Every structure is written in structure tokens, then in C-alpha cells.
Number of protein chains: 2
Amino acid sequence: MFKLHPTLEKDCIVLGSFTLSRVLLMNDSQYPWLILVPQIENVAEIYQLSEPDQLQLLKESCFLSQQLSKITQADKINIAALGNTVPQLHLHHIARFKHDPCWPKPIWGQGPAIPYAPAALNDLKSTLLQCFERNCISPVIFTA
Amino acid sequence: MFKLHPTLEKDCIVLGSFTLSRVLLMNDSQYPWLILVPQIENVAEIYQLSEPDQLQLLKESCFLSQQLSKITQADKINIAALGNTVPQLHLHHIARFKHDPCWPKPIWGQGPAIPYAPAALNDLKSTLLQCFERNCISPVIFTA
């Protein structure tokens, strides 16, 4: 049975699930940063997914990138599947700004996360969830 | 008309073209590192591609990751679309090893590239081109 990797569970807030992927918000107020985790066991690379799951991941990733870009008015969306420390396949989507602390460098390993204040977290969660519900690409069941 | 971004042209060796993407080898002997550049003008994000082009990019990316993994026996493939400094959409595929200079950190901005020696470059190019020809996912015309 699929189980979220403990590191992702510790570092992120679960927003819910798309058809294929668990949708996570990284608890780092420096960057609007969403992660898709296909709910399939023992997969580390995108090419190891079945072809229908690859297509579904692409669909969910494009949906998420476009909505994140629209909501945040980001200068660039950074997308990555790295997995050097967390082997469970997960796809980062990070809204980047020319004025953010790391621009133009990638954000991984650039200093500790700064968790959201409760009110800011609630605002962002609510904006994201409303946006997903309004535009849902397929039945979106929010489990959390 | 599509034109490769000057930075990609300077830093990489063009191996040829798949149906959608120009296939580049980053001239850094520290990491087997391939880049796909969809040959479409003025696109910065994957979601800005047409749906058929998104699917083709996925297909080419999965093919490339799997072959790169097989050829190099890498511990992990890192895939990323960043584009903070080079706005032309390009998708990195990097073979990572537990013994490489940056493991487990991402490789971007971690010190200067070390160009391939001519013989090593020829060997790698020839291995990659043979592998692409043997497994081609669709007509692969090598322009360089």
C-alpha cells in the first residue's frame, strides 16, 4: 500500500489528492512550493510509472504549474524530480521570483525552511484549494 | 524560427534532434547530463506547449531517462525544468551517483564545468548515438 515518505510527511502539509498524486505544500514560507507524489508504491523514476500514470502525472503537473503561476504571478515555475535523498518519486513545483532569496539559483539546499505563520498558511491553503476546486482537472478528493 | 539559446549552444554539444526536441550533451565530464530543448519558439514553461507537444516531450524525456540510466548505471536520474537564467524551455536529465562530487545535492551552481577530453567525448557521443539509433522512439534525425 502507498505510504507517504516520512520526510515528505514531516516537511509538508497534505492538501489532498488528485487522481494519481498526493498534493503537498512545502512548509517553507520563502517559496510557494507544491509537490506531487504519485500514489504508487516503489517507484523512483517517472519512466517507471505505467504509461497511463505518466500521462496523468503530466496532466496534473501542467495543471498545477499553470495554477501556481496564475495565483502567485511568479516570474518562473521550477519543476524537478530529484529524489537523491527521498527516493519516493515526487515532483517539485516552485514559484520563483526575481526578488526571492535564491534567485536565480535553484532553491534546494540553500538554507533552512521558514515555516508559515498559521494565518498565512490558512490563507494560502484556502486560495489553493478554492483554485483546485474551481478548475479541477478530474475528480479531486481532498483527504486532508 | 526556432533558434537554440546562445548559452545552451556555448555550454553543450548538439547530438541531434528527436521528433520534438533538440538533444544536447552538457560539456561537463563530471556528470552524464543530457538536455531536451523543444524546438518551438517562445515557450518557457511545459504547460505552454500544445497538448500533443507536452505528450511528445514526456515520451522523449522518459526514453532519454531510461536509456541514460541503463548506459551509465546511475543511482538516480535528476530531471528538471528550471530556466531562471536561460528562459528557453529546456529539460535537464542528469545521471547521478552516490560517489559524484555533489551527491546528494543538485548539481546546478556547484562549481565550474570540467569539459570532456576529446577521446572521452567521442566515446560517450558514440555510445549515446548508437543507443538512440537502436531504440529510437520515433524518426530520429541526427543533425550534428
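Copies are superposed by least squares on the C-alpha atoms of residues with pLDDT of at least 70 in both.

**Figure 1. The two chains of this predicted model, seen as copies of one another.** When chain A is rotated by 180°, with 0.0 Å of shift along the axis of that rotation, it superposes on chain B with an RMSD of 0.0 Å. That is the relation of a two-fold axis. Within chain A, the C-alpha nearest the axis belongs to A:Ala80, and it lies 2.0 Å from the axis. The contact residues of chain A recur in chain B to the extent of 100%, so the same surface serves both copies.

**Figure 2. The fold of chain A, from its first helix to its last.** Three helices and five strands make up the regular elements of chain A, and a reader who follows the sequence meets them in the pattern α-β-β-β-α-β-β-α. The radius of gyration of chain A is 14 Å, which is close to the 15 Å that the globule rule gives for 144 residues, so chain A is as compact as a globular protein of that length. Measured out along its principal axes, the C-alpha trace of chain A spans about 40 × 35 × 25 Å. Among the contacts in chain A with a separation of 6 or more, 58% are accounted for by residues 24 or more positions apart.

**Figure 3. Burial, surface and charge in chain A.** Of the 144 residues of chain A, 54% count as buried. The accessible surface of the chain comes to about 6700 Å², and 55% of this surface belongs to carbon and sulfur atoms. Chain A carries 11 positive and 12 negative charges, and the mean positions of these two groups are 6 Å apart.

**Figure 4. A close-up of A:Ile35, a buried residue in a strand.** A:Ile35 has its place in strand 3 of chain A, which covers residues 33–38. Its relative accessibility is 0%, and because buried means under 20%, A:Ile35 counts as buried. Leaving aside neighbours within four places in sequence, the contacts of A:Ile35 include A:Leu8, A:Cys12, A:Arg22, A:Val23 and A:Leu24, and A:Met26, A:His90, A:Leu91 and A:His92 are also among them. A:Ala80 stands 45 residues from A:Ile35 along the chain, and the C-alpha atoms of these two residues are separated by 9.5 Å.

**Figure 5. A close-up of A:Gln30, a partly exposed residue in a loop.** A:Gln30 is found in the loop between strand 2 (21–26) and strand 3 of chain A, and with a relative accessible area of 25% it is partly exposed. Not counting residues up to four places away in sequence, A:Gln30 touches A:Pro101, A:Pro112, A:Ala113 and A:Ile114. Between the C-alpha atoms of A:Gln30 and A:Asn122, which are 92 residues apart along the chain, the separation is 16 Å.

**Figure 6. A close-up of Gln73 in chains A and B, with a positive phi.** Although A:Gln73 is not a glycine, its phi is positive, at about 55°. This residue is placed in the loop between helix 2 (51–72) and strand 4 (76–81) of chain A, and A:Gln73 is exposed, with a relative accessible area of 60%. In chain B, B:Gln73 likewise has a positive phi of about 55° without being a glycine. B:Gln73 is found in the loop between helix 2 (51–72) and strand 4 (76–81) of chain B, where it counts as exposed at 60% relative accessibility.

**Figure 7. A close-up of the cis peptide bonds before Pro104 in chains A and B.** In chain A, the peptide bond that joins A:Trp103 and A:Pro104 is cis, with an omega of about 0°. A:Pro104 has its place in the loop between strand 5 (91–96) and helix 3 (118–135) of chain A. In chain B, the peptide bond from B:Trp103 to B:Pro104 is also cis, and its omega is near 0°. B:Pro104 is found in the loop between strand 5 (91–96) and helix 3 (118–135) of chain B.

**Figure 8. A close-up of B:Leu58, a buried residue with contacts in chain A.** B:Leu58 lies in helix 2 of chain B, and its relative accessible area of 12% makes it a buried residue. Leaving aside its neighbours within four places in sequence, B:Leu58 is in contact with A:Ile46, A:Gln54, A:Leu55 and A:Leu58. Within chain B, B:Leu58 and B:Val14 are 44 residues apart in sequence, and from C-alpha to C-alpha they are 20 Å apart in space.

Methods. Residues are numbered from 1 along each chain as its sequence is written. Chains are lettered from A and ligands numbered from 1 in the order in which they are written. This is a predicted model: local features need pLDDT of at least 70, side-chain atom pairs count only at pLDDT 80 or more; totals for chains, interfaces and linings use all residues. Side-chain values use heavy atoms; hydrogens and water are left out. Helices (H or I, at least four residues) and strands (E, at least two) are DSSP runs, numbered from the N terminus. The radius of gyration is taken over C-alpha atoms; the globule rule is 2.2 Å times the number of residues to the power 0.38. Buried means under 20% relative accessible area, exposed over 50%, partly exposed in between (1.4 Å probe, protein chains only). Contact means heavy atoms within 4.5 Å. Accessible areas come from the Shrake-Rupley method with a 1.4 Å probe; for residues, only the protein chains shown count as cover. Lys and Arg count as positive and Asp and Glu as negative; His and the chain ends are not counted. The place of a charge is taken as NZ of Lys, CZ of Arg, CG of Asp or CD of Glu.
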